[in-house]
Structure formats: C-alpha cells, structure tokens
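Please open the model in your viewer and keep the sequence panel beside it, since each stop on this tour begins with a selection. The stops go from the whole chain to single elements and then to pairs of side chains.

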Amino acid sequence: MTPSKKGSKPRPDKSQPLLRQLAAVPEVLFAGAFRQQYGAICFRHGTAGSELEILVITSRESARWVIPKGWPMKGKKPFEAAAIEAWEEAGVRGVVKKKPVGRYTYLKELDNGDVAPCIVDMFQIEVTEISGDFKERGQRILEWVSPDEAARRVREIELKSLLVQFEARGRKKRDRG
C-alpha cells in the first residue's frame with residue numbers, strides 16, 4: 001500500500017480481509033476513541049410458547065448477518081435510537097428496556113474506506129409489532145432464529161456471546177395477556 005498523494009497516509013485495500021488491512025495501518029486502531037453505536041436484540045416468544053426467537057438481518061453492503069444498530073441520534077436517548085434502528089432496518093417495534101443488556105466491539109468500515117473501532121451498547125426489544133413496510137425493506141433479509149443460531153450467524157465474537165447468553169428481562173410471556 002502506497003500513499004496516493006505526497007504526505008497522505010496509506011489507504012487499506014478493500015480486497016484484503018479487514019484484519020490484514022489494519023495490520024498495515026495500525027495507527028487507525030490507536031488514533032482515537034472508540035465510536036459509539038446503539039443496537040437492538042429484537043426477540044419474541046416462539047409459536048410453541050416458551051422458546052425465544054431472535055431477529056437477525058443482513059447488512060446492506062456485504063449481506064452478512066447482523067442485528068439492527070446505528071449511530072447516536074440528536075435528541076434521542078440511546079434506547080430510543082436502538083428502537084428507531086430496529087424499525088427502520090427491520091420493521092419491528094415493541095417494548096424496549098432502557099438499560100443496556102450488554103455491549104460488544106467491532107471494526108466498522110466507513111463510507112470513505114477508513115476503519116473505525118466501535119462500541120455497540122445493546123438494548124432488548126420484545127417485539128409486539130411487525131410491519132412489511134419499513135425504510136430499508138428490500139435491502140435486507142430478516143429471519144427469526146434461536147439464540148444459538150443467531151450467535152452462529154453473526155461474525156463478532158462478543159455479540160455471539162451476548163446472543164447465546166441472552167435472557168429476556170422484564171415482562172414474561174404470561175404477563176402479556
């Protein structure tokens with residue numbers, strides 16, 4: 001990798017795996033603070049009753065399995081931002097817990113090709129409404145799967161752990177009426 005302009009930093013080659021790219025430009029990882037994002041573990045109770053199903057969606061760019069997440073939103077609390085992302089990316093709404101159920105870190109490739117380390121605070125949403133008409137409809141695939149299957153599909157190790165260990169907090173199935 002060579003700089004394209006005199007004095008500019010080298011740019012990662014998008015064709016290489018992300019870790020190999022970062023090995024070539026380690027200053028990217030250590031140049032500043034982690035960026036904050038908010039995500040949603042959207043769940044429902046399965047048709048048989050007690051088992052949980054978690055919603056996984058594909059990313060728009062690479063079509064890999066992820067959970068709804070996004071950047072902070074001006075004037076919105078973190079749990080509200082997570083709920084908005086769940087609605088825009090997957091067309092689901094529900095009961096959102098105000099406190100995070102966990103967090104994970106990952107490396108986000110930005111639109112300009114740079115890589116930013118991110119921390120994602122996760123909020124649980126017990127889904128009560130599913131719509132077929134939402135902002136990113138047609139850009140993603142949505143699937144309801146077991147926590148173990150959700151963990152198998154996502155790439156990030158810490159997120160895998162959160163999904164495998166996920167237990168719904170708060171309202172229980174029998175309280176829904």
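What follows is a walk through a predicted model, one selection at a time.

**The whole chain**

Begin with a cartoon of the entire protein, in which five helices and eight strands can be picked out. Coloured from the N terminus on, these elements run in the order α-α-β-β-β-β-α-β-β-β-β-α-α. If you switch to a surface, the accessible area comes to about 10500 Å², and 50% of that area belongs to carbon and sulfur atoms. Of the 177 residues in the protein, 40% are buried. A contact map is a useful companion here: among contacts between residues at least 6 apart in sequence, 67% join residues that are at least 24 apart.

**Helix α3**

Next, select residues 78-90, which form helix α3. This helix has 13 residues, and from its first C-alpha to its last it reaches 18 Å, close to the 18 Å expected at 1.5 Å a residue. Which residues of α3 are buried? Show the side chains of F79, A81, A82, E85, A86, W87, E89 and A90, for these are the buried residues of the helix. To see what covers them, add the strands around the helix: the cover includes β1 (35-45), β2 (52-58), β4 (69-70), β5 (92-96), β7 (115-130) and β8 (142-145). Before leaving this element, select G91, the residue that follows α3, and check its backbone torsions, where phi is positive, near 70°.

**Helix α5**

Move on to residues 157-164, helix α5, and display L159, L162 and L163, its buried residues. Looking down the axis of α5, you will find that these buried residues fall within an arc of 95°, so they line one face of the helix. Their packing partners are β1, β2, β6 (102-109), β7 and α4, which can be added to the view one after another.

**Salt bridges**

Side chains of opposite charge can pair when their charged atoms come close. With a cut-off of 4 Å between a side-chain nitrogen of Lys or Arg and a carboxyl oxygen of Asp or Glu, ten salt bridges are counted in this model.

Select R60 and E136 to start with, whose side chains meet in a salt bridge at 3.8 Å, N to O. This pair links distant parts of the chain, as R60 sits in the loop between β2 and β3 (65-66) and E136 in the loop between β7 and β8, 76 residues apart. Are the two partners buried or exposed? R60 has a relative accessibility of 48% and counts as partly exposed, whereas E136 is buried, with a relative accessible area of 7%.

Then select R93 and E129, another salt-bridged pair, in which the closest N and O atoms are 3.7 Å apart. Because R93 lies in strand β5 and E129 in strand β7, the pair ties together parts that are 36 residues apart in sequence. R93 is partly exposed at a relative accessible area of 38%, and E129 is partly exposed at 35%.

For a pair within one helix, go to α4 (residues 147-153), where R152 and E149 are three residues apart and therefore separated by about one helical turn. Their side chains meet in a salt bridge of 2.7 Å, N to O, and R152 is exposed, with a relative accessible area of 57%. To finish this stop, select R60, E89, E136 and R140 together, which salt bridges that share partners join into one network.

**Cysteines**

Now select C42 and C118. At 0% relative accessibility, C42 counts as buried, and C118 is likewise buried, with a relative accessible area of 0%. There are zero disulfides in the structure.

**The loop between β1 and β2**

The last selection is E51, in the loop between β1 and β2. This residue is partly exposed, with a relative accessible area of 35%. Once its neighbours within four places in sequence are left aside, E51 is in contact with R44, H45 and G46. Finally, draw a distance between the C-alpha atoms of E51 and S146: the two residues are 95 apart along the chain, while these atoms are separated by 7.9 Å.

Methods. Residues are numbered from 1 along each chain as its sequence is written. This is a predicted model: local features need pLDDT of at least 70, side-chain atom pairs count only at pLDDT 80 or more; totals for chains, interfaces and linings use all residues. Side-chain values use heavy atoms; hydrogens and water are left out. Helices (H or I, at least four residues) and strands (E, at least two) are DSSP runs, numbered from the N terminus. The expected span of a helix is 1.5 Å times one less than its number of residues. Buried means under 20% relative accessible area, exposed over 50%, partly exposed in between (1.4 Å probe, protein chains only). Contact means heavy atoms within 4.5 Å. Accessible areas come from the Shrake-Rupley method with a 1.4 Å probe; for residues, only the protein chains shown count as cover. A disulfide is a pair of cysteine sulfur atoms within 2.5 Å. The arc is that of the directions from the helix axis to the C-beta atoms.
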